Amino acid sequence: MSTIRLRGARGRPTQPSGLGGPGEPGNSTILLTMPTVHIPVLAGELVGLLERAGIGSRPGQIAIDCTFGGGGHARLVAERLGPEGTLVAIDRDPEAEERFAELARELPCTVRFVRGDFADALGALAAEGVRADLAYFDLGMSSMQVDTRERGFSYSFEAPLDMRMDPSQELDAREILATWDARRLAGILREYGEERHAGAIARAVVARRAGEPIETTRELVEIINSAIPAPARFAGGHPAKRVFQALRIAVNDELGQLDAALRVIPEILAPGGRAALISFHSLEDRRVKWAFKTDPRLAVLTKKPVTATARELAVNPRARSAKLRVAERCPN
Ligand SMILES: C[S@@+](CC[C@H](N)C(=O)[O-])C[C@H]1O[C@@H](n2cnc3c(N)ncnc32)[C@H](O)[C@@H]1O
């Protein structure tokens with residue numbers, strides 16, 4: 001886990017070395033590899049809840065953005081923290097770190113970036129003695145990740161089967177498809193993708209790789225199409241959607257990470273501090289709901305999850321399945 005601390009006069013951060021300042025070659029790379037703007041989901045709801053909780057009402061507050069991504073939520077929260085507040089941003093993706101270096105110059109508060117898994121990063125921050133007034137998560141992948149074709153997150157682009165949020169991690173989607181047995185493959189497709197044809201697809205993967213390695217997203221889409229009955233190819237969205245979701249969750253151990261982070265949340269929050277999580281499928285939401293409900297150090301503030309308005313859905317279809325839950329750290 002690498003940590004960059006950025007502190008400058010009046011909260012204006014300094015540029016870390018090697019990330020490319022304005023006009024430097026590094027920036028053109030950022031533009032080429034990150035063409036998409038990530039529209040933050042449930043941003044108004046998140047900020048509204050936090051304002052009601054007094055975030056931004058006192059100087060010196062600390063907020064932790066555990067999934068920095070393109071920094072959409074971070075920008076809004078930083079504006080509320082003001083010059084005396086501190087925003088700590090976490091992400092495992094080096095491209096998010098580059099984005100942070102760009103955005104940090106514009107943020108009005110003290111800022112700091114921690115690259116790594118959010119569960120580890122929160123544990124390290126808690127061990128340092130950091131106690132946050134707010135820690136929030138916007139789970140899953142960013143639009144920049146899905147739209148950077150060579151990263152292999154999307155079934156719409158021909159690309160190597162990668163799907164790692166952290167490119168230094170060893171396990172990628174190609175490795176899973178090359179080495180996991182049919183039972184284990186079918187298990188993740190069923191559990192993480194709710195794929196009805198999990199068994200048939202897993203068997204087709206194993207049969208294909210006996211002849212030649214499966215290397216690209218297009219090859220995987222062909223295998224999926226060949227394994228499922230013809231009517232299923234035309235019903236319920238793209239036939240590869242659920243398989244790609246399942247592989248991505250497995251590659252990035254998304255649920256293991258979430259469980260570990262939920263255990264650290266009560267330790268990283270100051271008394272009265274709030275945790276807010278935006279999740280995108282029932283596997284995540286169930287975990288958040290359960291962890292909030294069963295931890296005696298937390299009081300649940302959202303009996304029902306907050307969901308997107310019709311207005312937000314009209315401009316951001318990604319918000320369709322988003323659910324926001326908030327809990328407050330009880331006084332010691
Ligand atoms: C949905 S995006 C966040 C978008 C951000 N809220 C915005 O407004 O731009 C999720 C981000 O979290 C990161 N991420 C997902 N799981 C992570 C984990 N376990 N540890 C650290 N970062 C993670 C991804 O790399 C991605 O950049």
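Trainee: Where along the chain is L42 placed?
Mentor: L42 lies in the loop between α1 (25-33) and α2 (43-52), where helices (H or I, at least four residues) and strands (E, at least two) are DSSP runs numbered from the N terminus. Residues are numbered from 1 along each chain as its sequence is written. This is a predicted model, in which local features need pLDDT of at least 70 and side-chain atom pairs count only at pLDDT 80 or more, while totals for chains, interfaces and linings use all residues.

Trainee: And what is the phi of L42?
Mentor: L42 has a positive phi of about 50°, although L42 is not a glycine.

Trainee: Is L42 buried or exposed, then?
Mentor: L42 counts as buried because it has 24 C-beta neighbours inside 10 Å. A residue is buried with 20 or more other C-beta atoms within 10 Å of its own, exposed with 12 or fewer, and partly exposed in between, with the C-beta atoms placed from the backbone.

Trainee: What about E194, where is that one found?
Mentor: E194 sits in the loop between α8 and α9 (198-211), and its phi is also positive, near 45°, in a residue other than glycine. E194 has 14 C-beta neighbours inside 10 Å and therefore counts as partly exposed.

Trainee: Changing topic, which residues touch the most other members of the largest nonpolar core?
Mentor: In that core of 60 residues, they are L87 and A135. Helix α13 (residues 254-268) gives the largest share of this core, 6 residues. A nonpolar core here is a set of buried Ala, Val, Leu, Ile, Met, Phe, Trp, Tyr and Cys residues joined through C-beta atoms within 7 Å. There is also a second, separate core of 31 residues, with L161, V205, I228 and A250 among them.

Trainee: What is L87 in contact with?
Mentor: Leaving aside neighbours within four places in sequence, the contacts of L87 (C-beta atoms, placed from the backbone, within 7 Å) include A63, D65, A74, V77 and A78, and L81, L107, C109 and V111 are also among them.

Trainee: And how many residues surround the ligand?
Mentor: The ligand is surrounded by 21 residues, of which the closest are P40, T67, G69, G70 and G72; a residue is near the ligand if its C-beta atom, placed from the backbone, lies within 6 Å of it.

Trainee: Which elements supply at least two residues of that shell?
Mentor: Both α3 (72-81) and β3 (86-91) do so.

Technical notes: Contact = placed C-beta atoms within 7 Å.
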